Amino acid sequence: MFCFLSKIVTYFLYYSDVVNTSRKYSGKGIATYPNGDVYDGYFVVGCREGASGTYTYNNKVHADGETKDTYKGAWKNNMKHGIGRQTYVGVGEYNGYWENG
């Protein structure tokens with residue numbers, strides 16, 4: 001399996017060990033990217049993969065206190081793929097099927 005790692009990982013946490021990359025890692029982990037985005041979910045050989053994972057974008061918190069934009073759902077080969085929910089702060093959300101990002 002090969003996936004394009006579009007973002008460099010600032011640090012990667014798995015089983016309470018902190019490392020500086022998710023490359024070649026398989027299992028559950030939390031990746032924090034240089035822009036402040038965070039992915040919490042499963043990886044297969046360094047790619048976001050699996051039936052459930054949460055990607056939180058590092059955008060500003062909305063004035064009414066809503067949380068940041070998030071995607072919760074399925075991943076395949078580092079892309080949103082399958083059933084998921086994208087929440088856009090102050091705008092709304094999309095619940096449905098994603099295909100290849």
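## Salt bridges

A salt bridge here means a side-chain nitrogen of Lys or Arg within 4 Å of a carboxyl oxygen of Asp or Glu. The structure you are looking at is a predicted model, and by that rule the count comes to two salt bridges. Let's start with Arg 85 and Glu 93: their closest N and O atoms are 3.8 Å apart, so the pair falls within the 4 Å cut-off. Neither partner is hidden away, as Arg 85 is partly exposed with a relative accessible area of 41%, and Glu 93 is partly exposed too, at 45%.

The other bridge joins Asp 40 to Lys 28, with 2.5 Å between the closest N and O atoms. Asp 40 sits in strand β4 and Lys 28 in strand β3 (residues 27-32), so this pair ties together parts that are 12 residues apart in sequence. Both ends can be found partly at the surface: Asp 40 has a relative accessible area of 30% and is partly exposed, while Lys 28 is partly exposed at 37%. As a general point, side chains of opposite charge can pair when their charged atoms come close.

## Charges over rings

Lys 28 turns up again here. Besides its bridge to Asp 40, Lys 28 lies over the face of Tyr 42, at 5.8 Å from the ring centre. Arg 48 does something similar with Tyr 39, lying over the face of that ring at 5.8 Å from its centre.

## Aromatic pairs

Now for the rings themselves. Searching the whole structure turns up eight aromatic pairs. One of them is Tyr 39 with Phe 43, an edge-to-face pair with 5.1 Å from centre to centre and 90 degrees between the planes. Both of these residues are buried.

Another pair, Tyr 55 and Trp 75, is tilted, with centres 6.1 Å apart and planes at 40 degrees. Tyr 55 belongs to strand β5 (residues 47-56) and Trp 75 to strand β6 (residues 70-76), so the pair links parts that are 20 residues apart in sequence. Tyr 55 counts as buried because its relative accessibility is 3%, under the 20% cut-off. Trp 75 counts as buried as well, at 5%.

Step back a little and you'll find these four residues in one aromatic cluster, made of Tyr 33, Tyr 39, Phe 43, Tyr 55, Tyr 57, Tyr 71, Trp 75, Tyr 94 and Trp 98.

## The nonpolar core

What makes up the largest nonpolar core? Nine residues do: Tyr 25, Ala 31, Tyr 33, Tyr 39, Phe 43, Tyr 55, Tyr 71, Trp 75 and Trp 98. Strands β4 (38-44) and β6 each supply at least two residues of this core. In soluble globular proteins, nonpolar side chains tend to be buried together.

## A patch on the outside

Some nonpolar residues sit on the surface instead. Tyr 88, Val 91 and Tyr 94 form a nonpolar patch there, with about 310 Å² of accessible area together. Val 91 is found in the loop between β7 (79-88) and β8 (92-98). With a relative accessible area of 72%, Val 91 is exposed. Tyr 94 is also a member of the aromatic cluster.

## Two asparagines in a loop

Finally, take a look at the loop between β6 and β7, where you'll find Asn 77 and Asn 78. Asn 77 has a phi near 50 degrees, a positive value in a residue other than glycine. Asn 78 isn't a glycine either, yet its phi is positive at about 75 degrees.

Are these two buried or partly exposed? Asn 77 is partly exposed, with a relative accessible area of 28%, whereas Asn 78 is buried, at 9%.

Note on methods. Residues are numbered from 1 along each chain as its sequence is written. This is a predicted model: local features need pLDDT of at least 70, side-chain atom pairs count only at pLDDT 80 or more; totals for chains, interfaces and linings use all residues. Side-chain values use heavy atoms; hydrogens and water are left out. Rings of Phe, Tyr and Trp (its six-membered ring) pair if their centres lie within 6.5 Å; planes under 30 degrees apart count as stacked, over 60 as edge-to-face and the rest as tilted. Buried means under 20% relative accessible area, exposed over 50%, partly exposed in between (1.4 Å probe, protein chains only). Helices (H or I, at least four residues) and strands (E, at least two) are DSSP runs, numbered from the N terminus. A charge sits over a ring if NZ of Lys or CZ of Arg is within 6 Å of the ring centre and within 35 degrees of the ring normal. A nonpolar core is a set of buried Ala, Val, Leu, Ile, Met, Phe, Trp, Tyr and Cys residues joined through side-chain atoms within 4.5 Å. Patches are made of residues with over 30% relative accessible area and no salt bridge: like charges are joined within 9 Å, nonpolar side chains (Val, Leu, Ile, Met, Phe, Trp, Tyr) within 5 Å. Accessible areas come from the Shrake-Rupley method with a 1.4 Å probe; for residues, only the protein chains shown count as cover.
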